[in-house]
Amino acid sequence: MRLVMFSLMLLAIVCHASRTPEKVNLNDDSCIISMAVRNVDLTSQLVKEKAALDFEATGNKLPSYVLLAMPRKKMHHLAFYNVHFDSPKTTLQVDRVEVSGHDDVAFLKVTLPARNERKVKVIAEFVYGDWLKPFPTHITQKGRQFFIYDDLTYMLSPYEVKKQKMIIKLYSENVESYTKKVLPVVKSGKILTYGIYENISSFIMEPMRVHFESYASFLVVTELERIIEISHWGNIAVEEHIHLEHRGAVLTGPFSRLDYQRSQRQISPSVSGFRTILPASAKHIYYRDEIGNVSTSEVRHNPDSLHLTIQPRFPLFGGWRTSYTIGYNIPSYEYLYHSSSQFGLKMRFVDHVFENFFIENFLLKIILPEESKNIRVKPPYDVEQYPNSLHYTYLDVTGRPVITMRKRHLVENHIQDFELYYTWESSKIVREPIMVAVAFMVFFCTIIFFVRLDFSIVKDTSAESRMKLDSLTDEIAEAHQKRGKIYEQIVENLEKYTSSKDNAIFGATKKRLDQEWRNLNQHIMELQSQLKVESSEAAEKVSMIQRMDQQVRESFTSWNHDAERHVSGKLNRQSYTEASNQMKHNLLVGKDSEQDGLTLEELFSSREGITYNDFIILPGYVDFPVEDVDLTTQLTRNVSLKAPFVSSPMDTVTESDMAIAMAQCGGIGIIHCNCTPEYQAEEVAKVKRAKQGFIWNPVVLSPQNTVFDVMEVKRKFGFSGVPITDTGKIGGVLVGLCTSRDVDFIPEEKWKSTPISAVMIPRELVITASASVTLDSAYQTLQENKRGKLPIVDDENRLVSLIARTDIKKRRVYPLSSVDKYGRLLVGAAISTREESKARLKLLVQAGVDIIVIDSSQGCSIYQIDLLKYIKTHYSKVDVIAGNVVTTEQAECLISAGADALRVGMGSGSICITQEVMAVGRAQGTAVYQVARYAQRYGIPVIADGGIQCLGHATKALALGASTVMMGSLLAGTLEAPGDYIWSDGIRLKKYRGMGSLDVLSENAESQDRYFQKDCDKVRVAQGVSGTVTDKGSIHIFLPYLTVGVKHGLQDMGVRSTVILHEMIYNGTVRFERRSAGAQMEGSVHSLHSYEKRLF
């Protein structure tokens, strides 16, 4: 790539040399500058200068143009410039020109529109790259970094300047030295002010210098090649090859990674990582350096963009370089427009690399589909364009046209769209599929031809015999497999019969299955007789299978007899259950045997406190893949989840980011209450807005609003698709729809003067759905018509609600999402038992909360019972999780008061010291079993809260009767948990604290009430601690690991779902065993010198 860039640079130099700047006269006597204010920003690697210039004519009116001047060596570093009027903000034409007699000065000609005015105010903006130079040029790893900024004290101007001043904003207050030759000069913190200076003649050059400390990122993109490949199959592939160099002070001496990780400095001259912003629709993102692929797990999704955090394999110090490639795919319908055979592409010429980037050499290649013609390009600014070339890939015949453009010195201001137009016949899209189909057809026919040719001279009778033998054995195996399917149907028929007791249906089904079995058995016997001719040994094996099948048939006959006796009342349920379980076991193992292990009741018969580590679950029979395991479970009486995971309502675990991620992965998050009611309600609202389904309160505008109002909506909310009604409100008559495509091409100066009615899509072209439409059919309508928004209207064409395309994308990415009946993500919120919680509760319900969790360490109290009854009276549609409880007496108390679910656990969390301090609580295993066994009689789900130290503990909690597990410490170190990461001894950590710790109790009254403490208490007793947990990455990686892990656990037990699991633990099918201390040690990692424990 470097060779290509070099050759293109030579061609660009030759092309550029042929361009001669215009020569103009120096009109220095036509006007003066009455006031010049220069603002220079040195807070980044770029020098950003903004000059406000008041031009005043010496005659009756201003000249047709004015000149801006700067030292020629400074012009070489100029990356971007823009000149416009102060008010209104009208961009002016600027050209580079030459003036005779001033070879050391570069000039910009600013053309002024014809005006009969003597005064005008012009704003000139300049961005310079690679202008700041480090001094000293070399530093050690722990050294401080300083830079030199050279400029002129007076603004270089071809006109007399009556008054002027310069304001310099520095990176830090630490300034080693600065020029004080021309007074006044004032330093205040990070600001240096030169002037006001008066009556400065033209072309005065008074050098000045500032030597200041800076730790800004001085990363320079030395080369960037951006390749855009367009496919008419709905995809645009973007790939960028980037070469970076750190232009700060060069590192001298050795580099110690240990010292680097141990360093406590908040700022450093090195760069450990940076953030790249990608389009919101980007997918299949990859990032690799010169060694290979690098993880892209640090991708954060925002409404209008994706933020990709890139961390090179080593920190970049001054003089160090690195190269990497980043690529992604974007849907073509967002950027490629067409009408018949005419196509138009509108994309960014250069995209975001990192904040305040500077690109020295940039190359853009656009690869069009094969046989594209009449190609026209409209770049957003002057670029070097080269003759079109061809690119060949698989199945190409004539090659794909490649448009190549180059530009030097690019900054963030150059992130603008280019336009490309071409013609392409749509019928050509089927050429490549036809070529593939024909190639496969020819290949297939060739193979058939050669296979069917018989090249042998003599027939091979042994080969024919083997083929016939294989055919017979395959047919017998297939028939035997069908016979096994019949046995499964017999079992299903028996189970339905014992539950429905319908003799007619049972008899008809039994008769049909018996006939099918006899037919298959007869068929196998016929095949067996044919098999004897070919192989007596194989026929004997079939005879053995037939004898075993006869035993199975007799067992089913006995089971059928027991079922008929049970239905007729001659055999009680317990006896029948025992007999049927024994029959199932005999069918699986082939003989009667004494069962291993203990039932759940036997495990807890000793009445000792048992934790998750004290027992193990015995394996069962596996006859299904792990994908068939269904983890759907009840969170409360009326709310179900597709994954049995709940995040704890703790201020270092669950806020909106965590709740959104949990719901997207099939669980649910409970927002903590250690905050103001307004903040908690807004966090709930953020979750409900993350996946809205039917949007009942969309942003609506009227035809009288302007394009400026649409742009304000985009700025505030991140979208520009707005329905238009006659009233500008929901419920008004729909008259149109305004999208980003309708406003993107309107100049900014016309935003306020252009009404929406002039650009919107009229009602007759808007695709809508009726108010009775379901969410699934509405999504299907959006997909079929490829629209971004779908208005929902009633019979009178009044806007009822709205559906957005982004929710379809989220639905595809997160198929397990926990959603309400409107398609919005589920979310819960915690409240305390304080009287003030009733006002908090009202705000939460208004925000759309689905579940209320009454947060108390001891749930069996008059305060919780009163609040529970109040909620069920005033907010009956909101399910309430009560707790915490650990005994059946506590559970009975809250179930009687109306609880929809129970939270079980007291003192078992990793940061909880309730059992140690209060001497009250219960071992978590025993608590979950006892409460779940009691609650299941009333259909009340149980949440195992606390003590979940690993994946296996979550599976054990479900096997003890819990419907879901609530986790705190397991989730506290994830990316979505509140708080920032910290480093300690080279390990990335996050803070995690108990809600009963002194830190929390001293901050918020809600947490005090959780532990029955008040503001007036002179002595507070902590029931929790504060600490740190290690980084676990993103929830979107960690929770799927937990989900798949629990599925594997259920598969090993021989259980297909959580519902079946709970049936099998209570009927004794799932077996358990106590573990000794030695067994626990044996079940963990042991006997190794060292190891690395990577779980996912």
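Here are four short exercises, each with a worked solution, on a predicted model.

**Exercise 1. Work out how helices α18 and α20 are oriented to each other, and which residues make their contact.**

Start with the two segments: α18 covers residues 888-897 and α20 covers residues 924-935. Next, get the geometry: the axes lie 9 Å apart, and the packing angle is about 40°. Now classify that angle. Anything from 35 up to 65 degrees falls outside the parallel and perpendicular bins, so α18 and α20 are oblique to each other. As for handedness, their crossing is right-handed. On the α18 side, the contact residues are T888, A891, E892 and I895, and α20 brings in Q930, V931, Y934 and A935. Sort this contact by class and you get 5 nonpolar, 2 polar and 1 charged residues.

**Exercise 2. Find the strand order of the sheet that holds β41, β42 and β43, then place helix α14 on this sheet.**

First the topology: the sheet is open, has 3 strands and reads β41-β42-β43, with mixed pairing. The edges are β41 (769-770) and β43 (799-804), since each pairs on one side only. Then check one pairing: β41 runs parallel to β42 (residues 789-793), with 2 bridges between them. For the register, put S770 across from V793 in β42. Last comes the helix: α14 (residues 775-785) packs on the sheet and touches β42 and β43, and its direction is at about 65° to that of β43.

**Exercise 3. Trace the pairings of strand β6 and find the positive phi in its hairpin with β7.**

Take β1 (residues 22-23) to begin with: β1 is parallel to β6 (residues 93-98) and joined to it by 2 bridges. Here E22 has V97 of β6 as its bridge partner. Now go to β7 (residues 105-111), which pairs with β6 in the antiparallel sense over 5 bridges. In this pairing, V94 faces V110 of β7. Finally, look at the hairpin of β6 and β7: there are 6 residues between the strands, and G101 has the positive phi, near 85°.

**Exercise 4. Identify the pairing partners of β48 and decide whether its two faces are covered or open.**

One partner is β47 (residues 901-904), parallel to β48 over 3 bridges, where L902 sits opposite V942. Another is β49 (residues 964-967), also parallel and joined to β48 by 3 bridges; the partner of D945 there is M966. Now split β48 (residues 942-945) by side: V942 and A944 go one way, I943 and D945 the other. That fits the general pattern, in which side chains of a regular strand alternate between the two faces of the sheet. With all four of these residues buried, both faces of β48 are covered.

Conventions:
Residues are numbered from 1 along each chain as its sequence is written. This is a predicted model: local features need pLDDT of at least 70, side-chain atom pairs count only at pLDDT 80 or more; totals for chains, interfaces and linings use all residues. Side-chain values use heavy atoms; hydrogens and water are left out. Axes are lines fitted to C-alpha atoms, for helices over the stretch in contact, and angles run from 0 to 180 degrees between N-to-C directions. Helices (H or I, at least four residues) and strands (E, at least two) are DSSP runs, numbered from the N terminus. Angles under 35 degrees count as roughly parallel, over 145 as roughly antiparallel, 65 to 115 as roughly perpendicular and the rest as oblique. A crossing is left-handed if the near helix is turned anticlockwise from the far one by less than a right angle, and right-handed if clockwise. Contact means heavy atoms within 4.5 Å. Ala, Val, Leu, Ile, Met, Phe, Trp, Tyr, Cys and Pro count as nonpolar, Asp, Glu, Lys and Arg as charged, and the others, Gly among them, as polar. Two strands pair if DSSP finds at least two bridges between them. Buried means under 20% relative accessible area, exposed over 50%, partly exposed in between (1.4 Å probe, protein chains only).
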